[in-house]
Amino acid sequence: MSIKKNYQDFCERRAEFEKNPLSKYWTGQTGRYMEPFRMFGNVYYVGDSWVCVHLIDTGDGLLLIDAGNCGGTAMLLHSIWKAGFDPADVKWLILSHGHVDHIGGAKFMRDMFGTKIYMGAPDAAMYREHPEKSFVQDSSDLMDEIIPPDVEIHDGDELSFGNVNMKFYLVPGHTEGCISIFFDVTEGDRTVRAGYYGGFGFNTLATDYLTEIGDPQCHMRETYLESLKKVRDEHVDFFLGNHCVNNHMAEKLEKIKNGADRSVWIDPEEWSRYLDEKRDALLAFMKENPAAK
Ligand SMILES: [Zn+2]
């Protein structure tokens with residue numbers, strides 16, 4: 001062993017990492033920085049242009065929904081400061097699901113600020129039994145680790161955080177422990193209902209993936225369809241994305257730039273419309289990607 005050899009090994013590992021098309025999610029983080037902004041009422045956006053992080057000022061401490069991508073924690077903390085808050089005041093962190101791109105700041109915030117972490121019970125079990133399904137290994141950073149939550153969320157739970165009351169449902173599909181959240185948001189004399197669906201991606205519904213994890217008949221796709229149906233008729237005025245594409249965030253910000261007000265975030269049709277789009281897209285995906293024989 002020599003210092004020079006160690007450095008060469010490091011460069012080779014790095015070159016190998018960059019060959020993976022997924023590596024751009026870790027190497028290009030600051031390129032996705034977005035100025036944080038207040039969306040509506042006490043809900044602020046502190047995520048980047050790819051993966052959402054929402055901050056809610058509960059009146060008795062801050063609550064975060066998701067913690068950004070692994071490797072993006074410094075940027076997340078910067079965004080929280082930039083939004084006018086102190087990251088040390090984040091009392092609660094609710095994780096949409098247990099994948100690598102949503103849990104970035106979790107360990108840091110718990111260790112540093114004592115933030116209490118919440119996650120769907122099935123994803124807490126996934127961490128214990130099949131940590132590989134978190135994809136934390138894709139970050140290629142040996143310092144990243146998945147941590148068990150302090151509180152496991154179950155279907156139908158109702159929890160209060162400061163003056164915010166949240167209703168939770170499990171919506172398995174993208175992972176088994178994806179959660180859906182509903183709560184009221186008030187701005188002036190207008191109260192709207194926010195709705196959040198914690199994971200839409202079909203990457204975990206691919207035939208190869210499901211076969212490898214022991215579901216060769218791809219039953220998880222049916223589970224996903226059931227989950228969409230389960231919450232589709234919830235009344236939602238204010239649809240919060242899990243990734244920015246879900247609620248067309250870029251288009252809405254463009255409208256705001258051109259003079260629109262905060263009501264661009266309010267659309268009582270958007271939730272059911274998007275869930276229906278996902279249902280149709282999944283049915284098409286199922287035709288194109290049949291289960292293994
Ligand atoms: Zn995911």
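Colleague: In which helix does Lys 107 lie?

Modeller: Helices here are DSSP runs of H or I with at least four residues, strands are runs of E with at least two, and both are numbered from the N terminus; Lys 107 lies in helix α4, residues 106–113. Residues are numbered from 1 along each chain as its sequence is written. This is a predicted model, in which local features need pLDDT of at least 70 and side-chain atom pairs count only at pLDDT 80 or more, while totals for chains, interfaces and linings use all residues.

Colleague: Does one read Lys 107 as buried, exposed or partly exposed, and why?

Modeller: A residue is buried if 20 or more other C-beta atoms lie within 10 Å of its own, exposed if 12 or fewer, and partly exposed in between, with C-beta atoms placed from the backbone. Lys 107 counts as partly exposed because it has 19 C-beta neighbours inside 10 Å.

Colleague: Which residues is Lys 107 in contact with, leaving aside its neighbours within four places in sequence?

Modeller: Two residues are in contact if their C-beta atoms, placed from the backbone, lie within 7 Å; on that basis Lys 107 is in contact with Glu 145 and Ile 147, once its neighbours within four places in sequence are left aside.

Colleague: How should I read the two sides of a helix, and which residues of α7 are buried?

Modeller: An α-helix has 3.6 residues a turn, so residues three or four places apart point the same way. In α7, the buried residues are Arg 221, Tyr 224, Ser 227, Leu 228 and Val 231. They cover an arc of only 115 degrees around the axis, taken from the directions from the helix axis to the C-beta atoms, which puts them on the same side of α7. On the other side of α7, His 219, Glu 226 and Lys 229 are exposed.

Colleague: What do the buried residues of α7 pack against?

Modeller: They pack against β9, β10 (179–187) and α9 (270–288). The strand β9 (164–170) is also among the elements that cover the buried residues of α5, together with β6 (116–120) and β7 (151–153); in α5, residues 121–129, those buried residues are Pro 122, Asp 123, Ala 124 and Met 126.

Colleague: Stepping back to the whole chain, how many helices and strands are there, and what percentage of the residues count as buried?

Modeller: The chain has 9 helices and 12 strands, and of its 293 residues 41% count as buried. Among contacts with a separation of 6 or more, 67% are between residues 24 or more positions apart.
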